[in-house]
Amino acid sequence: MDSENDKKALTESELIDRQVEEIMTDEDSADGSGKRKKKRKKKARSGEKPSLKERWKGYSRKRKIITVVVVLAAAAFLLSRCGRGEKGPVAVPVNVMSLTRQPIKEKLSVSGPISGTDSVDVVSNIHAEIITMNVKEGDKVTKDQILAVLDKTDLERDLQVAQNAYDLAVVNKQEKDKSEALGYEKATQDLRKAQADYNRNSALYAAGDISQVEMEQSANALNDAKRQVEGYNVVNGRGAADASYELQVQNAAIDLEKKKEELENAEIKSTIDGTVVRVNSKVGQFADKVEDDKPIFSIENLDQLEMEIKISEYSIGKVQVGQTAVISADILDGETVEGEIIKISPTGEEKGGGSTERVIPTTIRIDGSNSKLIAGITAKAEILIRESEDAFVVPVTSLIDDGEATYIAVVEEQKVRRIPVTLGVDGDVNVEVIPADGSEFTEGMQVILNPGPMTVDGALVTVLPQM
């Protein structure tokens, strides 16, 4: 009872995987007499083809189902033989198909959202009411078009205050420059006079005509005059206001520019050409207080659409920039639109949902601006991986993989002959086969559709009538 409940809890794909694994394990571990063989471990060799179990992980769901049916049918046949106690060579009944050349395409199906190639969220950090809304959802707009207008009353007043502060800072600096220039000019004149007095008194003191006290007074006057000159901020030979005045002007200029920008931004404009896809505010609301911190407007360029998809790490090696894709969606009413892969992310990311699988973000550019596709919906894309117009094609159920090589089994004179093959274009249900090791194909060969354990080289078979 517990086992049945466990199986019901599994997904259909996981159940198929488990059943096939059990069957493969049973076949590998039992010989014809029902005795268990000893398990032999094989060391992996460089360049060795992947085993059937490893390839199983890369199979699609459809391919897994077909494989399960084949394996179960083979097991049922063996059990029926054992039950009847048959001995000696018995012709194995087989279904066959005629080997022919035909076209085959390998495709990868994925899905993802449609979006515009360029988008922008329009926001405002100005605390002012919206007084005019010039656009609505669905309107096409151009770059620098005015979308909404804010109340400018407070902004204009703040600008005037900033302008006055700037003008005052400039005037203060100019007046200080003027006074400092005059003071510096007088100080330099006083220095020249003090220097002349000192020079004259030095000569008189040397001749004994003045006292030492008079000489020291002259020297002190000269030093005082020098200190006065050195105390001035000199620019280009003129006295000027110190750096604090210039800093006041710069700060006032920055504040003035900010207020001008805020007043200019009271007219909210689009920064791109596109279509308004969302309007999240209305007249009377504050521009910086949109509900849930949403943008006031969302604008997208819908003239060129893109599709964002995520490709499994197991399939990304087959995908390249430039490959074509066929886009389908419910909104297209059975029609399709072509696209092209234009970008593959250099890094992968987690698939999510508890899976250890990684996926790689990939972008498809959708051709045509007049299609019925719209941004925001989910669409399906079929990527053409590769194709062949003239290939030998068989169902995947016809393949035999012994862990060392892959074969198909053909019927010749009521006996089985295995032919080694390499695989080409994989059409999921059908696959291109290419003869290997010098073997050759001829059209009309009878290929066994569901080869089982008994279809070994030389085995006697009976071809069942084709339905």
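In this predicted model, Lys 259 counts as buried, at 17% relative accessibility. The side chain of Lys 259 nevertheless has a charged partner, meeting Glu 262 in a salt bridge with an N to O distance of 4.0 Å. Both residues belong to helix α7, which covers residues 243-264, and because they are three residues apart there, about one helical turn separates them. Elsewhere, Glu 106, Lys 318 and Arg 386 are joined into one network by salt bridges that share partners. The structure holds 21 salt bridges.

A further group of charged residues is found in helix α5, which runs over residues 153-207. Here Arg 157 and Asp 154 meet through their side chains in a salt bridge of 2.9 Å, N to O. As in the α7 pair, the spacing is three residues, so Arg 157 and Asp 154 are separated by about one helical turn. Arg 157 also forms a salt bridge with Asp 158, and in that case the closest N and O atoms are 3.9 Å apart. Each of these residues is partly exposed: the relative accessible area is 47% for Arg 157, while the relative accessibility is 42% for Asp 154 and 26% for Asp 158. Side chains of opposite charge can pair when their charged atoms come close.

Turning to the aromatic residues, the count comes to two pairs. The ring centres of Tyr 184 and Tyr 232 are 5.9 Å apart and the planes stand at 70 degrees; an angle over 60 degrees counts as edge-to-face, so this pair is placed in that class. Tyr 184 comes from helix α5, whereas Tyr 232 sits in the loop between α6 (212-230) and β7 (233-235), and the pair thus links distant parts of the chain, 48 residues apart. Tyr 184 is buried, with a relative accessible area of 17%, but Tyr 232 counts as partly exposed at 22% relative accessibility.

The other pair consists of Phe 392 and Phe 441, also edge-to-face, with 5.4 Å from centre to centre and 80 degrees between the planes. Phe 392 is part of strand β16 and Phe 441 of the loop between β20 (430-435) and β21 (446-448), so the contact between the rings ties together parts 49 residues apart in sequence. Both rings belong to buried residues, the relative accessible area being 8% for Phe 392 and 11% for Phe 441.

Strand β16, at residues 378-395, pairs in the antiparallel sense with β12 over four bridges. In this pairing Ser 328 stands opposite Lys 380. Strand β12 also pairs with β13 (residues 337-344), again antiparallel and over four bridges, and there Glu 340 is the bridge partner of Thr 324. The side chains along β12, which spans residues 324-328, alternate between two faces. Ala 325 and Ile 327 point to one face and are buried, while Thr 324, Val 326 and Ser 328 point to the other and are not.

Another set of strands forms an open sheet of three, in the order β4-β6-β9 with antiparallel pairing. The edges are taken by β4 (130-133) and β9 (267-269), each of which has a single partner strand, so one side of each is left without a neighbour in the sheet. On average, and with direction ignored, neighbouring strands of this sheet are turned by 25 degrees against each other. Three bridges join β6 (residues 146-150) to β9, with Ile 146 standing opposite Lys 269.

Ile 296 offers a view of packing in a loop, here the one between β10 (274-279) and β11 (297-312). Ile 296 counts as buried, at 0% relative accessibility. Val 123 is 173 residues away from Ile 296 in sequence, yet their C-alpha atoms are 5.5 Å apart. Beyond residues up to four places away in sequence, Ile 296 touches several others, including Val 122, Val 123, Ser 124, Ile 268, Arg 278 and Val 290.

Finally, a word on confidence. The mean pLDDT of the protein chain is 84, and 80% of the residues reach 70 or more. Over residues 1-13 the pLDDT stays under 50, and the model has five contacts beyond four places in sequence for this stretch. Residues 26-47 likewise have a pLDDT below 50, with eleven contacts in the model beyond near neighbours in sequence.

Terms used: Residues are numbered from 1 along each chain as its sequence is written. Side-chain values use heavy atoms; hydrogens and water are left out. pLDDT is the predictor's confidence in each residue, from 0 to 100. Contact means heavy atoms within 4.5 Å. Two strands pair if DSSP finds at least two bridges between them. Axes are lines fitted to C-alpha atoms, for helices over the stretch in contact, and angles run from 0 to 180 degrees between N-to-C directions. Buried means under 20% relative accessible area, exposed over 50%, partly exposed in between (1.4 Å probe, protein chains only). Rings of Phe, Tyr and Trp (its six-membered ring) pair if their centres lie within 6.5 Å; planes under 30 degrees apart count as stacked, over 60 as edge-to-face and the rest as tilted.
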